[in-house]
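Reader: I am new to this structure. Please show me how to read its helices.

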Amino acid sequence: MEFVDTRKLQLQQQQQQHLQPQEQHFHVLAVDDSVIDRKLLERLLRGSSCKVTCVDSGDKALKYLGLGIKVNLIMTDYCMPGMSGYDLLKRVKGSSWKDVPVVIMSSENVPSRISMCLEGGAEEFLLKPLQLSDLDKLQSYFVKSLENSCEEESDHNSCIDSENENVIINISSSSNSNHNNNSNNSNSKRKAISAESHQERSRPKMKELAVV
């Protein structure tokens with residue numbers, strides 16, 4: 001009965017996981033030292049049903065990524081004190097987060113700067129102030145990232161199912177082995193009892209002595 005209940009639970013979990021991708025929110029990490037620009041970007045992204053996390057420096061962005069929270073896209077300002085947007089781009093692309101798309105933003109239209117960022121691995125270079133139409137350029141990254149997340153979850157679930165099946169098989173094998181051992185033990189006991197009974201029957205009966 002436990003095996004049946006476990007399989008039912010797994011099927012329910014799989015059904016819920018098939019529904020989850022439709023309810024997932026695209027998570028954007030917004031990096032900008034300007035409060036006004038952060039608020040504007042946050043408003044635009046939330047209007048597109050995105051989850052937004054805002055930080056005011058590249059150092060804080062790296063610390064947030066280090067927490068292990070899933071991020072689908074990084075949008076960073078180019079000109080920031082301390083670590084620039086380009087420096088953050090290079091740090092991200094040279095780390096375990098290299099597959100996270102990075103978009104650079106700037107209020108200055110400098111062709112050499114744009115080329116440098118795109119060659120460095122940036123997906124897009126957007127000019128401020130951002131417009132709602134700018135988000136249309138990011139739709140392909142939204143879809144691609146969510147598809148990758150679904151594939152990762154699917155692979156993870158497949159591994160879990162395989163492990164559960166191995167556990168069930170091992171338990172079943174152990175149960176069969178125990179059953180066989182018990183059967184063998186029972187048979188041995190029966191043989192021993194039968195042998196003893198046979199010996200008792202084969203012993204010659206002593207004649208009764210008359211009491212004088």
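Author: Start with helices α3 and α4, which are roughly parallel to each other, because angles under 35 degrees count as roughly parallel. This is a predicted model: local features need pLDDT of at least 70, side-chain atom pairs count only at pLDDT 80 or more, and totals for chains, interfaces and linings use all residues. Residues are numbered from 1 along each chain as its sequence is written, and side-chain values use heavy atoms, with hydrogens and water left out.

Reader: At what angle do the axes of α3 and α4 cross?

Author: Two packed helices are described by the angle between their axes and the distance between the axes. Here the axes of α3 (residues 58-65) and α4 (residues 85-93) cross at roughly 20° and come within 10 Å. G58, A61, L62 and L65 of α3 make the contact (heavy atoms within 4.5 Å) with L88, R91 and V92 of α4.

Reader: Which residues of α2 are buried?

Author: An α-helix has 3.6 residues a turn, so residues three or four places apart point the same way. In α2, the buried residues (under 20% relative accessible area, 1.4 Å probe, protein chains only) are R38, L41, E42, L44 and L45. Seen down the axis of α2, they fall within an arc of 165°, so they line one face of the helix. The other side has I36, K39, R43 and G47 exposed (over 50%).

Reader: What do the buried residues of α2 pack against?

Author: They pack against β1 (26-31), β2 (50-55), β3 (73-77), β4 (102-106) and α6 (132-136). Just after α2, S49 has a positive phi of about 65°.

Terms used: Helix = DSSP H or I, 4+ residues; strand = E, 2+ residues; numbered from the N terminus. Arc of directions from axis to C-beta. Axes fitted to C-alpha atoms, helices over the stretch in contact; angles between N-to-C directions. Parallel < 35°, antiparallel > 145°, perpendicular 65-115°, else oblique.
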